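Student: I'm new to this one, so please show me the structure and let me ask why things get the labels they do.

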Amino acid sequence: MGEPVPFAKMNGAGNEIIVADMRGRADRVQASAARALAAEAEVRFDQIMAIHDHRTDGTDFFIDILNADGSGAQACGNGTRCVVQALAAETGRTDFTFETIAGLLNAHEHPDGTISVDMGRPRFGWEEIPLAEEFRDTRMIELQIGPIDAPVLHSPSAMSMGNPHAIFWVDGDVWSYNLERFGPLLENHPIFPERANITIAQVTSREAMTIRTWERGAGLTRACGSAACAAAVSGARTNRTGRRVAVTAPGGQLEVEWRADDHVVLTGPAQWEFSGMLDPATGAWSRDDEKVEA
């Protein structure tokens with residue numbers, strides 16, 4: 001057993017998040033602890049956002065991101081908004097610069113409570129995503145699910161928002177596709193050496209789309225911020241949409257702007273659910289003075 005740390009159970013547009021306060025400590029949340037915690041229905045999560053002391057001058061904190069299966073994640077826009085809300089409530093500040101393994105993230109809490117995160121620049125090169133083989137144009141890659149002459153899903157746009165994404169464009173309702181069945185197959189397809197986030201996207205206007213996402217390392221999710229960004233950027237890149245898009249996910253709506261400086265800004269809500277204490281070594285946790293062994 002280790003020394004427990006405070007945590008908050010939150011969500012960002014339905015994306016289930018745990019924010020763990022690891023400041024002042026040299027250890028980290030263990031992958032086995034994340035998996036044990038994810039098995040508990042009351043604290044089921046998509047990502048853990050572990051706040052550590054800053055490592056680089058000019059940044060406020062380092063964020064270590066873990067998926068529900070214990071694997072590491074490079075980026076999580078919805079989770080970053082949850083971190084901002086928690087820290088803003090504690091400090092009274094509205095602006096933060098975070099360091100992650102994917103780079104720096106600047107974030108701002110607006111007066112209405114919504115939070116914007118600068119997710120950085122998208123990457124389109126096949127080796128940057130990464131893909132296992134060369135595609136000169138990643139706006140559409142050769143990948144499909146279903147019969148070769150009548151595929152169910154095919155020709156996704158591929159890109160990186162610090163983590164790999166594949167966006168499958170569909171004309172019909174995104175709920176008519178069995179993403180729970182296809183998601184694991186596509187996430188682990190050999191074309192994605194680091195696995196990938198898989199999104200089905202339906203464009204409803206030049207300014208709006210609806211998506212569902214199978215999240216790498218987490219499975220079906222009610223929202224994925226980096227997937228919303230990837231879908232919006234890919235929509236503009238394939239001339240399906242403009243550069244500012246309202247993205248509706250099962251958990252709520254997010255606003256994405258692909259700015260002229262090439263940075264992608266994600267804006268949306270964050271919601272606090274409850275707090276407790278967490279053992280980062282084992283996943284044991286407590287809420288309201290009731291101890292739960294994970």
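Student: What makes Asp262 partly exposed?

Tutor: Asp262 has a relative accessible area of 25%. With a 1.4 Å probe and protein chains only, buried is under 20%, exposed is over 50%, and partly exposed is in between. The 25% of Asp262 falls in between, so the label is partly exposed. You'll find Asp262 in the loop between strand 16 (252–258) and strand 17 (264–268). Its phi is near 80 degrees, which is positive even though this residue isn't a glycine.

Student: Where do these values come from?

Tutor: From a predicted model, where local features need pLDDT of at least 70 and side-chain atom pairs count only at pLDDT 80 or more, while totals for chains, interfaces and linings use all residues. Residues are numbered from 1 along each chain as its sequence is written, and side-chain values use heavy atoms, leaving out hydrogens and water.

Student: Arg195 caught my eye too. Why is Arg195 called partly exposed?

Tutor: Its relative accessible area is 23%, so Arg195 gets the partly exposed label. Arg195 also has a positive phi, about 60 degrees, without being a glycine. Its place is the loop between helix 3 (179–187) and strand 12 (197–205).

Student: How do you know whether Asn197 is buried or exposed?

Tutor: The relative accessible area of Asn197 is 2%, so Asn197 is buried. This residue belongs to strand 12. Leaving aside neighbours within four places in sequence, its contacts (heavy atoms within 4.5 Å) include Asn163, His165, Trp214, Glu215 and Cys224.

Student: And what about Gln85: why is Gln85 called buried?

Tutor: Gln85 comes out at 18% relative accessibility, so it counts as buried. Gln85 sits in helix 2. Beyond its neighbours within four places in sequence, Gln85 is in contact with Met10, Glu109, Ile115, Ala270, Gln271 and Trp272.

Student: What makes something a helix or a strand here?

Tutor: Both are DSSP runs numbered from the N terminus: H or I over at least four residues for a helix, E over at least two for a strand. The protein has four helices and 20 strands.

Student: How do you know how compact the protein is?

Tutor: Its radius of gyration is 19 Å, close to the 19 Å that the globule rule gives for 294 residues, so the protein is as compact as a globular protein of that length. The radius is taken over C-alpha atoms, and the rule is 2.2 Å times the number of residues to the power 0.38. Along the principal axes, the C-alpha trace spans about 60 × 35 × 30 Å. Buried residues make up 55% of the 294.

Student: Which residues of helix 1 are buried?

Tutor: In helix 1 (residues 31–38), they are Ala33, Ala34, Ala36, Leu37 and Ala38. Their cover includes strand 2, strand 3 (47–53), strand 4 (61–67), strand 18 (271–278) and strand 19 (285–287).

Student: What makes a set of residues a nonpolar core?

Tutor: Its members are buried Ala, Val, Leu, Ile, Met, Phe, Trp, Tyr and Cys residues, joined through side-chain atoms within 4.5 Å. The largest nonpolar core has 48 residues, and those with the most contacts inside it are Val83, Phe98, Met209, Ile211, Val247 and Val256. Helix 4 (residues 225–237) gives the largest share of this core, seven residues. Another core, of 22 residues, lies apart from it, with Ile141, Val174, Leu179 and Ala196 among them. Not counting residues up to four places away in sequence, Val247 touches residues including Met209, Ile211, Ala228 and Val256.

Student: Why is a space called a cavity?

Tutor: On a 1 Å grid over the protein atoms alone, a cavity is a set of points where a 1.4 Å probe fits but cannot get out; lining residues have an atom within 4 Å of a point. Points join across faces, edges and corners, and the volume is the space filled by probe spheres set on them. By this rule there is one cavity of 30 Å³ or more. The largest cavity holds about 60 Å³, and its lining includes Gln47, Asn67, Asn197 and Arg216.

Student: Which peptide bond is cis?

Tutor: The one joining Ile129 and Pro130, with omega about -10 degrees. Pro130 lies in the loop between strand 7 (115–118) and strand 8 (144–145).

Note on methods
1 Å grid on protein atoms, 1.4 Å probe; cavity = no way out; pocket = protein on both sides within 12 Å on 5 of 7 lines; lining within 4 Å.
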